[in-house]
Amino acid sequence: MGEEKPKPIAGVWPTVKPFVNGGASGMLATCVIQPIDMIKVRIQLGQGSAVSVTKNMLKNDGVGAFYKGLSAGLLRQATYTTARLGTFRILTNKALEANEGKPLPLYQKALCGLTAGAIGACVGSPADLALIRMQADATLPLAQRRNYTNAFHALYRITADEGVLALWKGAGPTVVRAMALNMGMLASYDQSVEFFKDNLGFGEGATILGASSVSGFFAAACSLPFDYVKTQIQKMQPNAEGKYPYTGSLDCAMKTLKAGGPFKFYTGFPVYCVRIAPHVMMTWIFLNQIQKLEKKAGL
């Protein structure tokens, strides 16, 4: 009887662990990457180059401006990244079992990434909306600023002023972007780890660095057009007549394409890529460190 008690605990932790580890590593990475993310959003909002945006932020708002919306960013990681990384690892583990332990082909990893991205985006969309609005608030005229104090205040105000369903405003492009990002990031990362470790004989550190760089590039290239549309939808405000500039994500995409051509969707790509790649790298580094600590603790 006494030997049977630990079994349910042992069964629960392996299932929960990928979600806990994924969320924790994502939150730690966000604390480091938040300033770059803030610059990326301002570039997308048309405030100039990375250098000019950085100078203006330091001059007008000080160092604290780079961490505007950090609470929303952490909440987003606690929801979105917890769900996507946990789901991806659960799905790939199940696929490995079905494949009798053989390495998964790239298309199966891509399908797992697509599914994990969609689930994570649905869970994390409210926090993502709060993050975008808090980061964009300082760019608005004083009369139009929402002045959210933190992520939870933003969620409360959005619910009170616009209704509960408004928390998922722009959820469509958010989900599509997340599917594209996770297909590029997660699938290419696992594939690159296998290549660097098995084919090139890289050590652990070089493998993580190389695989993170590859997955960061593909994540950025696949997701930036959707990220651009999502940002425009989430930050839009009605004019004096109460009409919004876009009726939806497709309308936003068509008007953007007509006004600026296809390269308009890649506005801020260098900064976006620089932001994605280090975040991916640090997320995996933190995740590996967490796993090592768990092994030492016998978890």
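# Working through the model: pockets, pairs and odd angles

The largest pocket has a volume of about 680 Å³. This is a predicted model, so keep that in mind as you work through the exercises.

**Exercise 1. Find which residues lie closest to the centre of the largest pocket, and which helix gives the most to its lining.**

Step 1. Start at the centre: the lining has 26 residues, and the closest ones are Arg-89, Asp-190, Trp-284, Leu-287 and Gln-291.

Step 2. Now look at the helices. H1, H3 (70-98), H6 (171-199) and H9 (269-297) each supply at least two lining residues.

Step 3. Pick the top contributor: that's H9, with seven residues.

**Exercise 2. Work out how Asp-190 and Arg-89 meet, and whether each is buried or partly exposed.**

Step 1. Check the side chains. Asp-190 and Arg-89 form a salt bridge, at 3.4 Å from N to O. The cut-off is 4 Å, so the pair qualifies.

Step 2. Place the partners. Asp-190 sits in helix H6 and Arg-89 in helix H3, 101 residues apart, so this bridge links distant parts of the chain.

Step 3. Look at accessibility. Asp-190 has a relative accessible area of 15%, so it's buried. Arg-89 comes out at 24%, which means partly exposed. The dividing value here is 20%.

**Exercise 3. The structure holds eight salt bridges. Take Glu-162 with Arg-133 and Lys-292 with Glu-204, and describe where the partners sit.**

Step 1. Recall the principle: side chains of opposite charge can pair when their charged atoms come close.

Step 2. Go to Glu-162 and Arg-133, whose side chains meet at 2.7 Å, N to O. Glu-162 belongs to helix H5 and Arg-133 to helix H4, with their positions 29 residues apart in the numbering, and the pair links distant parts of the chain.

Step 3. Compare their surroundings. Glu-162 is partly exposed at 35% relative accessibility, while Arg-133 is buried at 2%.

Step 4. Move on to Lys-292 and Glu-204, where the closest N and O atoms are 3.7 Å apart. Lys-292 is in helix H9 and Glu-204 in helix H7 (residues 204-235), 88 residues apart, and again distant parts of the chain are linked.

Step 5. Check exposure here too: Lys-292 is partly exposed at 37%, and Glu-204 is partly exposed at 44%.

**Exercise 4. Find how many cavities of 30 Å³ or more the structure holds, and describe the lining of the largest cavity.**

Step 1. Count them: there are three.

Step 2. Take the largest cavity, with a volume of about 140 Å³. Its lining has 14 residues, and Arg-84, Leu-181, Met-185, Ile-276 and His-279 lie nearest the centre.

Step 3. Assign the lining to helices. H3, H6 and H9 each supply at least two residues, and H9 gives the most, with six.

**Exercise 5. Classify the aromatic pairs Phe-196 with Phe-202 and Phe-217 with Phe-218.**

Step 1. Set the scene: a search of the whole structure turns up seven aromatic pairs.

Step 2. For Phe-196 and Phe-202, the ring centres are 5.3 Å apart and the planes are at 0°, so the pair is stacked. Phe-196 is buried at 13% relative accessible area, whereas Phe-202 is partly exposed at 35%.

Step 3. For Phe-217 and Phe-218, the centres are 5.6 Å apart with 80° between the planes, making the pair edge-to-face. Phe-217 is partly exposed at 42%, and Phe-218 is partly exposed at 40%.

Step 4. Widen the view: Phe-217 and Phe-218 belong to one aromatic cluster with Tyr-266 and Phe-269.

**Exercise 6. Locate Glu-100 and Asn-147, and say what is notable about phi in each.**

Step 1. Start with Glu-100: phi is positive, about 60°, although the residue is not a glycine. Glu-100 is in the loop between H3 and helix H4 (106-137), and it's exposed at 67% relative accessibility.

Step 2. Next, Asn-147 also isn't a glycine, and its phi is positive, near 55°. You'll find Asn-147 in the loop between H4 and helix H5 (151-162).

**Exercise 7. Find how far apart the C-alpha atoms of Thr-82 and Gly-22 are.**

Step 1. Place Thr-82: it's in helix H3 and buried, at 18% relative accessibility.

Step 2. Read off the separation: Thr-82 and Gly-22 are 60 residues apart along the chain, with their C-alpha atoms separated by 5.1 Å.

Methods. Residues numbered from 1 in each chain as written. Predicted model: local features only at pLDDT ≥ 70, side-chain atom pairs only at ≥ 80, totals over all residues. Heavy atoms only, no water. Phe/Tyr/Trp six-rings, centres within 6.5 Å; stacked < 30°, edge-to-face > 60°. Buried < 20%, exposed > 50% of the residue type's maximum accessible area, 1.4 Å probe, protein only. 1 Å grid on protein atoms, 1.4 Å probe; cavity = no way out; pocket = protein on both sides within 12 Å on 5 of 7 lines; lining within 4 Å. Points joined across faces, edges and corners; volume = space filled by probe spheres on them. Helix = DSSP H or I, 4+ residues; strand = E, 2+ residues; numbered from the N terminus.
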